[in-house]
Number of protein chains: 2
Amino acid sequence: MKQYLKHHEWQIIEEGFDPHLNRISESIFSLGNGMMGQRANFEETYTGDTHQGTYVAGVYYPDKTRVGWWKNGYPEYFAKVLNAPSWIGIKIKIENQELDLAIYKVENFQRVLDMKQGLLHRSFVATFPDGKKLKVDAKRFCSMADGEVGAIRYSVLPINFSAKVQITMAVDADVVNKDSNYDEKFWDRVYEESQAGWVVVNVQTKKTLFQVCTGMKFDLKIDGNSIHGKTNTNVREKYSDNVVEVELEQNKELVIYKYGVVLSSENHAKDKIVNTCRAKMDAATKTGFDKLFDEHAAVWAHKWEECDITIDGDVAAQQGIRFNIFQLMQTYKGDDVRLNIGPKGFTGEKYGGSTYWDTEAYCLPFYLCTSNPKVARNLLIYRYKHLPKAIENAKKLGFTDGAAFYPFVTMNGEECHNEWEITFEEIHRTSAMAYAMRDYIEYTGDEAYLIEYGLEVLIGISRFWTQRVNWSKDKNKYVILGVTGPNEYENNVNNNWYTNYLASWTLRFTQQAVAYVKKTNSKKYNELVERIHFKEKEEVGKWADITSKMYYAEDKALGVFLQQDGFLDKELTKASDLRASDRPINQKWSRDRILRSCFIKQADVLQGIYLFEDDFTTEQIKRNFDFYEPMTVHESSLSPCVHVILASKLGYKDKAYEMYLRTSRLDLDDYNNDTEDGCHITSMAGTWMSVVKGFGGMRLREGKLFFNPFIPDQWKSYSFRMEFRGRVLKVKVAKEKTEVVLESGEPLEIVLNGKNTRL
Amino acid sequence: MKQYLKHHEWQIIEEGFDPHLNRISESIFSLGNGMMGQRANFEETYTGDTHQGTYVAGVYYPDKTRVGWWKNGYPEYFAKVLNAPSWIGIKIKIENQELDLAIYKVENFQRVLDMKQGLLHRSFVATFPDGKKLKVDAKRFCSMADGEVGAIRYSVLPINFSAKVQITMAVDADVVNKDSNYDEKFWDRVYEESQAGWVVVNVQTKKTLFQVCTGMKFDLKIDGNSIHGKTNTNVREKYSDNVVEVELEQNKELVIYKYGVVLSSENHAKDKIVNTCRAKMDAATKTGFDKLFDEHAAVWAHKWEECDITIDGDVAAQQGIRFNIFQLMQTYKGDDVRLNIGPKGFTGEKYGGSTYWDTEAYCLPFYLCTSNPKVARNLLIYRYKHLPKAIENAKKLGFTDGAAFYPFVTMNGEECHNEWEITFEEIHRTSAMAYAMRDYIEYTGDEAYLIEYGLEVLIGISRFWTQRVNWSKDKNKYVILGVTGPNEYENNVNNNWYTNYLASWTLRFTQQAVAYVKKTNSKKYNELVERIHFKEKEEVGKWADITSKMYYAEDKALGVFLQQDGFLDKELTKASDLRASDRPINQKWSRDRILRSCFIKQADVLQGIYLFEDDFTTEQIKRNFDFYEPMTVHESSLSPCVHVILASKLGYKDKAYEMYLRTSRLDLDDYNNDTEDGCHITSMAGTWMSVVKGFGGMRLREGKLFFNPFIPDQWKSYSFRMEFRGRVLKVKVAKEKTEVVLESGEPLEIVLNGKNTRL
């Protein structure tokens, strides 16, 4: 854990420059706009430790799988989000001395991420080896108003000298992925051009043949007047720049405006992409930094109006939740059905930037409550479109008859991941698709989704479970062997309670869906039956048999569900008894030691209870929480939010607050010592849930909203806003009372603290 | 399974050339002499599918580990046996056409491995594109009399033409390992020289800095007279050759004698290695092919006298056992304490050519019974020398206080393997060292071994087990969680019966060893106590507690030991019900499917029963055999031999015979579809055991030999020879009677078919 950032309600603030923290800050201060983004790398040269990263949504590369020991069934490739051409570079050279914060003395360094307006602002004074002092002030944003445009205002002010400065402004596509398996570069050149004032670089990915065309145009101003220095234009493979020489006068600020345009062949014809890029650069330059910024800030203002959460009386908590919302909004806007929510967004490369079950299990509720229902629907349709690949994936592993096994990691529906204990065994994810559907339908009331898309997916998934269970003569029950639950600190276990429960629920839900579609739209139903060879009687019969005879591990004496068979053979100790030097255990302990310990990455019994809360009594929930919580080390970013929600329900105020800080400040405070790889984007939706479903006690039951709020002692009040079936609700919780206001839409009956209330 | 080789008592015979089988034949027809060896690659150019492989004992390279997802505790490198400089190349070019069996028409192809004399003999007639027919006859051996020398007699006979032939004779060190993780070459050049008539190439491995100096000298003869053609000498990095032009006359045989010398810096000073190589080449050439061969064949004659097994009436069975003995003898001679028995010997690269538990569990009994006791003792001392590394290895995984965890794969004592389920969890191997010690002491009576070496190792291993078990409150027993047993088709299981049994036995055996050493040599004992901080009372007390309260999974109703907790949850079906297209399952099924199936790679409950046979009643053995055998797919080469031994004991004649063929002809008939990677050398010792302990019913109990032979219906008689405490016994089993003859040594009392007999 590191706590070097200043607390502020709307800003993330780093004061003073510590090179050891640079990679962490590069992640945290990242910018994005749903279509592109980049880490908070410096514009000028930096020869210290850095991870340079620029990313473009939907552009990926199928990197050849690397394994030590190949297992049958492994995928051939791992799809990677691509480190893309960088348009931010502005090198500053004065009398052959190149500005470089890794070497020069740095004073008054400040890096601020203004979340309200989506602006990265950095300033410092550097002393050159010969004593020259230069003040630098750099502002950057990726436009939320036009996802293909970014802009920089970079000013230099000579404090104690006048001299010629050489400024190199580049687009550099000669980049590598840090995680390239075989040190390959993934881009091929297509076209480069450099003219005085602007450059363009067009490149294409190997294998997948995506093109990205990146251009930049600039303006130099002193005292508000454009100036033109001596300019050299340079081009080499996958790189173009302008080198401009300008006279700097002591105490006169030179302002560089740099406009970047990033186009992808996903949105532009390849043969027009360069021309379009030129035109967009011209337009952006004409519009100018200030106006572009105003348009951008206006979108942010609107976004914040829609989904801000306020917390009064606790700046760290307020900053935390806003950071989470800010990053989510930067990452995914929900208007492109081809996209999904990468686990690191535009903040890093780890985990391949592909789609995980995080989307369905964690992100969907956030978008459901804060956005137009089309966003959530798009996320579901994304998986519907992958159904044929999920069926193919199942087939590869020996399943038959249209069983659908959704991949653990994917870009286009194909499985990319290759750890057998996860790829083949973390099978609960395939039911996350089913649960998300229920979530969506319950929240929106859009049952018709089942007819057009839903049922077909559900039947595929249920066919998978039907083949994946087996009958245990010994137990006289159906069992599920050899799985990894959401708690990845157990592998290849038998009868993971969460998995068995979810599988069984899926089979029941699919039965209901079959009945619904059959009744509501028999034509579509019959078409589907025909198309996917659905043998209703036989298949539904089998599902009913499995659900009625499923085995669930539990210990009656302790009154708890057992994470898996044999869990009680472990030495049961508490995470709080671990030495600090042993944590995080996934960085300190060898794999086997973690596996045989009782420590839990993310408590999947509690996850199951969270998903199916109404199936259990409060007493049951309490016993399981009390049993599992102390063993949970929360080394999954997805873990603490669930604990906030359950602790809130159980009235464990301190635990809820502790877990809230952990989830909301996970990256800001680098809890798991891994923020340098990028931020944990998908779990940020969990943070949102921890406020709304946790402290706010929001639940949906049979189409009706329930609120059962509580407020941590540390807070004066908090508020959140929700969209629900055409209404907008604003919930404000203070110590003394809770206000729920219907901001727009038809009247609505809700249940507040157990009482029916009409809004 | 492939059955293309002719059956013969002393020879392996391939008739006709099938390129699809070439890699398999290259493995099977491999040659070696304990110091060097090579696959049965052709001398002349072959552009078809081939795995060119030459190997030198003890020379390895620590190739940087390749993994998909790094797990804490993984080793940095995987030690690889090195594909070494090749000295066999003889290229034949006639009028610009290069002899190449991948392209030219081949007739009368025959490849014969004469196991009696250790000779590879190949002959064929090739038709060149222009119609020229050339008869080739090639003989090759690696001298068992001088492990640094090999020789080739390669003759060409023009059948229907006279022409100039260009012969290229090379030493080529520009070789790669097929399994190089990052396509690196592992050799650096040191020196090359080419003179008319001979060349030498000296290279050095990267990182490990082993040097190998390989030279070749040749003689060309027609009608027994040396001839000298026009010679060009060529040198390039890591390569030297002579290109000689000679006139071929129709129907006149040209004989090329090529002498290879291979020196390693393990045995020669680097600064003298080139000169020594030159001198040895000269000597070998002077001695000449025929005499070198006679010396070599004489060693083989002696070897066969020592350890041949004869089987009368069943050529396939006879060929099988001799092939196994032949390969074992080629691989390891037991005279160099630095060497061990690589799983592929000199026949391939797979598995890194390092040391596995195979040595202790399978090979040791073979060498004990067929060789001077020093050979077995050297194998034990090899592990004694690795004890500090085993302690270091345990430390890396979180164990303390001198616990010793022997690596799964090693060259120098450091762990090389990186699959977490094996590296960290296949922990039974560390006790294989303890069991081997018992085996050695029981067989040789050399209890003093415990004083000098044994006890220290045993205490280290016992300390490992003490920390690796944990107390299960639930079971009120000690348990061992998260392991992989010898049956690698189950991973990360709890309470693998074999592991628990072996661990407990080790703790008991160590207690006895402590008592013995303390009593016999209190000085040495006290020194040891001091040196390794042995707290006798406390540690022995803990061991006694564990052994008395160890949990063993079993099912009382079925009367069987359970491979692991939860085994009975599986669907229990028979391997014989699998479709042929599903086998071998490790090549046809995805990993998860194998893991949750009941199918067993190698039955570890039966392995345990085999090791501790006297602890169980015949009824118990029968029930377990009947339960596990039908589920065993024998996809470990180590599996069938144990089944021969138990089936023999139980009187299951057909099963014993079936399993015998499987183990003895595993490579010859390519049962597991993997012989192309090399032969399964270590399991060959198991084949030997399957005859002696299986059919021969040989057991050792309290220093006394027992024989309880039976003879398969298919055989007329069989015989084997054993060394035992200074005696040599010859056992001949025929249908009607068994003869045990004391060939040399003091009189001996044995038990034959239950009756005490004095020899």
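Select A:Thr233 and then A:Asn242: in this predicted model, A:Asn242 of strand E19 is the bridge partner of A:Thr233.

Next, widen the selection to the two strands. Strand E19 of chain A covers residues 239-248, and strand E18 of chain A covers 230-236. The two run antiparallel and are joined by seven bridges. Strands of a sheet pair through backbone hydrogen bonds, either parallel or antiparallel.

Now bring in the rest of the sheet. Add E13, E7 and E8 of chain A to the selection; the open sheet of five strands then reads E8-E7-E13-E19-E18, with antiparallel pairing. Which are the edge strands? They are E8, at residues 97-98, and E18, each of which pairs on one side only.

Then show chains A and B together. Two copies of a chain are related by a rotation about an axis and a shift along it. Here a turn of 180° with a shift of 0.0 Å along the axis lays chain B on chain A with an RMSD of 0.0 Å. This is the relation of a two-fold axis. In the contact between the copies, the same surface serves both, since 100% of the contact residues of chain B recur in chain A.

To find the axis from chain B, select B:Val67. Its C-alpha lies 2.2 Å from the rotation axis, the closest approach of any residue of chain B.

Last, colour chain A by pLDDT. Its mean is 96, and 100% of the residues of chain A reach 70 or more. For the complex, the predictor gives an ipTM of 0.93 and a pTM of 0.94.

Note on methods. Residues are numbered from 1 along each chain as its sequence is written. Chains are lettered from A and ligands numbered from 1 in the order in which they are written. This is a predicted model: local features need pLDDT of at least 70, side-chain atom pairs count only at pLDDT 80 or more; totals for chains, interfaces and linings use all residues. Two strands pair if DSSP finds at least two bridges between them. Helices (H or I, at least four residues) and strands (E, at least two) are DSSP runs, numbered from the N terminus. Copies are superposed by least squares on the C-alpha atoms of residues with pLDDT of at least 70 in both. Two residues are in contact if their C-beta atoms, placed from the backbone, lie within 7 Å. pLDDT is the predictor's confidence in each residue, from 0 to 100.
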